[in-house]
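Hi there,

Here is the structure I promised to pass on, with my notes below it. Please have a look at it first and then read on.

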Amino acid sequence: MNTGTLGEIIRKKEKYIMTHKLIIVDGIPGSGKSTLSEMISKELDKQEINNIFYHELTENHPLFIWERKFTTLKDKEEAEYYFNRVVELFNSFVESHKNKSEVIIIESVLFQDTLSFAYNRGMDRLKIEELFSKLVDILRNMNPILVYIYQLNVRRNWEIIGKVRGVEWIASLHTQEGLDEAERDWKPNQEFIKSLIEEWKIPKLIIENKDYLWEEYNERTKEFLRANSMLSDKII
């Protein structure tokens, strides 16, 4: 049974809204980011905490560069354009959301679709680290927390996602050569990204996914959110 005045109850609910304004869920492709993000959004909904979930496939996603395609970031001019445009987009995103009441959930776009993408397109690692530092400064205004899904077996991850999404998604994942390439590209990529994450001084949960125990991972995520005042133990 709830106790206290209406004002006290409202202030309690505001605690869960205002402590952190941004929840980041990330990991390599097919790691379960979308499913976990949807679960988080539903849990916030249950407690009547307004939230906006930006799925990677959100139409006209505000953190994607739509006007230009990048085949390589080894080229200095291309890398500089990419760097500056990403910074611009993240600045605009934070400015548009930092004073609103909603909790924002973003999946994939910080690491997989921005920094991992730069890594795979050959951007200099020091430049990626500089970009990460810039984004950390920008996102500080939203006091973010992070859930990162780390795949202990990268090859198995690609095998499973290839089977789930079918041969029409990435046909090469159904060949040994294609799986070799995916493992070769994404294993060092993931290690590099994880090294950045470990240096980021924010509340974070790194889920080491070995056995795909999603009920356990969901509960660990909920506990992490409760520990950071994003969820209460019961609905107020």
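**Salt bridges and one strand pair**

A search of the whole structure turns up 14 salt bridges. Please keep in mind as you read that this is a predicted model. I picked out a few of the contacts for you, and then a strand pair.

Let me start with a contact between two helices. Arginine 155 and glutamate 183 form a salt bridge, with 3.3 Å between the closest N and O atoms. Arginine 155 belongs to helix α6 (residues 154–165) and glutamate 183 to helix α7 (residues 176–199), so this pair ties together parts that lie 28 residues apart in sequence. As for exposure, arginine 155 is buried, at 16% relative accessible area, while glutamate 183 counts as partly exposed at 25%.

Next comes helix α8, which spans residues 214–227. Here lysine 222 and glutamate 219 meet through their side chains in a salt bridge, 3.3 Å from N to O. The two are 3 residues apart in the helix, which puts about one helical turn between them. Lysine 222 is buried: its relative accessibility is 16%, and the cut-off for buried is under 20%. Its partner, glutamate 219, is partly exposed with a relative accessible area of 42%.

Helix α8 also holds glutamate 223 and arginine 226, again 3 residues apart, or about one turn of the helix. Glutamate 223 forms a salt bridge with arginine 226, and the closest N and O atoms are 3.2 Å apart. Both residues are partly exposed, glutamate 223 with a relative accessible area of 43% and arginine 226 with 25% relative accessibility. There is a network to look at as well: Glu43, Lys46, Glu219 and Lys222 are joined into one by salt bridges that share partners.

Now to the strands. Strand β4 (residues 145–151) pairs with β5 in the parallel sense, over 6 bridges. One of the positions to look up is glutamine 151, whose bridge partner in β5 is asparagine 209.

Which residues of β5 are on its covered face, and which on its uncovered one? In this strand (residues 204–209), Leu205, Ile207 and Asn209 make up the covered face, whereas Lys204, Ile206 and Glu208 make up the uncovered one. In a regular strand, side chains alternate between the two faces of the sheet. Asparagine 209, the bridge partner of glutamine 151, is thus listed on the covered face of β5.

Happy to talk it through whenever suits you.

Best wishes

Methods: Residues are numbered from 1 along each chain as its sequence is written. This is a predicted model: local features need pLDDT of at least 70, side-chain atom pairs count only at pLDDT 80 or more; totals for chains, interfaces and linings use all residues. Side-chain values use heavy atoms; hydrogens and water are left out. Buried means under 20% relative accessible area, exposed over 50%, partly exposed in between (1.4 Å probe, protein chains only). Helices (H or I, at least four residues) and strands (E, at least two) are DSSP runs, numbered from the N terminus. Two strands pair if DSSP finds at least two bridges between them. A salt bridge is a side-chain nitrogen of Lys or Arg within 4 Å of a carboxyl oxygen of Asp or Glu.
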